[in-house]
Amino acid sequence: KTFVANNKIPKLKILSLPKINTRRFINCITCFPPKMYFPMMSRVEEHVQAKHSRQNPARLTCSRCRSTDLFVTPDDGSMAFFRSMFNKHKLTKEHLCNTYPRKQVEESEKDFCFLCDVHVSSEHLYSKEHKTRHQIFDYLQEFCTNFSFTPVELLSEKTYTFLFHLMFTQEKLRQVEVSEIDCVLQLLVGP
């Protein structure tokens, strides 16, 4: 209650944090300069459908890492492959360490899952451990975005207590063990 009162946050907003659909890191270097990026995945797909063809594919890259570079056409298979590759990429150590620069990553670990510390593969992305940690991480990102701080900032004890209480109001996070939440927090802010 004190956190909400001190930050003048309406209680209704606290109980229903919006799902943030913004993933601002994809750039079409065929059409735009490097510092421009799409505000969300649906805009990328609309752009590829409207502006590109098999003869003129879009060259999509991560604006933060510059290591992921894909040629994408409007075909369903090409778009599905693109979504799959970028879903893998956005949880790699390289991408998250570039997104939140406080963390450094070894060259040999760039393709490792930030949340689980194993090589990112399709099998891993569907594992129970990864799905659970991903849910926690998504919630932490939303929480931090709504209150204007980053997930790698060390926050006050009261803020973490508030975060835990708020997390357990979410139906899909009620079954999560506190040790999993603690593990994700340690990966972000350190022990």
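Helix axes here are lines fitted to C-alpha atoms over the stretch in contact, and the angle between two of them is taken between N-to-C directions, from 0 to 180 degrees. The model on screen is predicted.

**Whole chain**

Start with the protein chain in cartoon view. It has nine helices and three strands, in the order α-α-β-α-β-β-α-α-α-α-α-α along the sequence. Of its 191 residues, 42% count as buried. Among contacts with a separation of 6 or more, 51% join residues 24 or more positions apart.

**Stop 1: H3 and its surroundings**

Select residues 41-51, which form helix H3, and show the side chains of Val 44, His 47 and Val 48, the buried residues of this helix. Looking down the axis of H3, you will find these buried residues within an arc of 95°, so they line one face of the helix. The general rule behind such a pattern is that an α-helix has 3.6 residues a turn, so residues three or four places apart point the same way.

Now add what lies over that face. The cover includes strands S1 (26-28), S2 (58-62) and S3 (69-72), together with helix H4 (76-89).

Keep H3 and H4 and hide the strands. The two axes are 12 Å apart and the helices pack at an angle of about 150°. Angles over 145 degrees count as roughly antiparallel, and H3 and H4 are therefore roughly antiparallel to each other. Their crossing is right-handed. For the contact itself, show Met 41, Val 44, Glu 45, Val 48 and Gln 49 on the H3 side, and Met 79, Phe 82, Arg 83 and Phe 86 on the H4 side. Val 44 and Val 48 thus appear both among the buried residues of H3 and in its contact with H4.

**Stop 2: Asp 117**

Move on to Asp 117, in the loop between helix H5 (93-99) and helix H6 (122-125). Its phi is near 60°, a positive value in a residue other than glycine. Most residues other than glycine have a negative phi. Is Asp 117 buried, partly exposed or exposed? Its relative accessibility is 40%, so Asp 117 counts as partly exposed.

**Stop 3: H7 against H8**

Select helix H7 (128-146) and helix H8 (157-167). Their axes are 12 Å apart and meet at an angle of about 120°, which makes H7 oblique to H8. The crossing of this pair is right-handed. From H7, the contact uses Ile 136, Tyr 139, Leu 140 and Phe 143; from H8, it uses Thr 159, Phe 162, Leu 163, Leu 166 and Met 167.

**Stop 4: H9**

Leave H7 and H8 on screen and add helix H9, residues 178-189. Put a distance between its end C-alpha atoms: they are 16 Å apart, which agrees with the 16 Å that twelve residues should span at 1.5 Å a residue.

Which residues of H9 are buried? They are Ile 181, Val 184, Leu 185, Leu 188 and Val 189. These residues cover an arc of only 115° around the axis, which puts them on the same side of H9. They pack against H7 and H8.

The axes of H8 and H9 come within 13 Å and cross at roughly 135°, so the two helices are oblique to each other. This crossing, too, is right-handed. To see the contact, show Tyr 160, Phe 164 and Met 167 of H8 with Ile 181, Leu 185 and Val 189 of H9. Met 167 of H8 takes part here and also in the contact with H7.

Conventions. Residues numbered from 1 in each chain as written. Predicted model: local features only at pLDDT ≥ 70, side-chain atom pairs only at ≥ 80, totals over all residues. Heavy atoms only, no water. Helix = DSSP H or I, 4+ residues; strand = E, 2+ residues; numbered from the N terminus. Expected span 1.5 Å × (residues − 1). Buried < 20%, exposed > 50% of the residue type's maximum accessible area, 1.4 Å probe, protein only. Arc of directions from axis to C-beta. Contact = heavy atoms within 4.5 Å. Parallel < 35°, antiparallel > 145°, perpendicular 65-115°, else oblique. Left-handed = near helix turned anticlockwise from the far one by under 90°.
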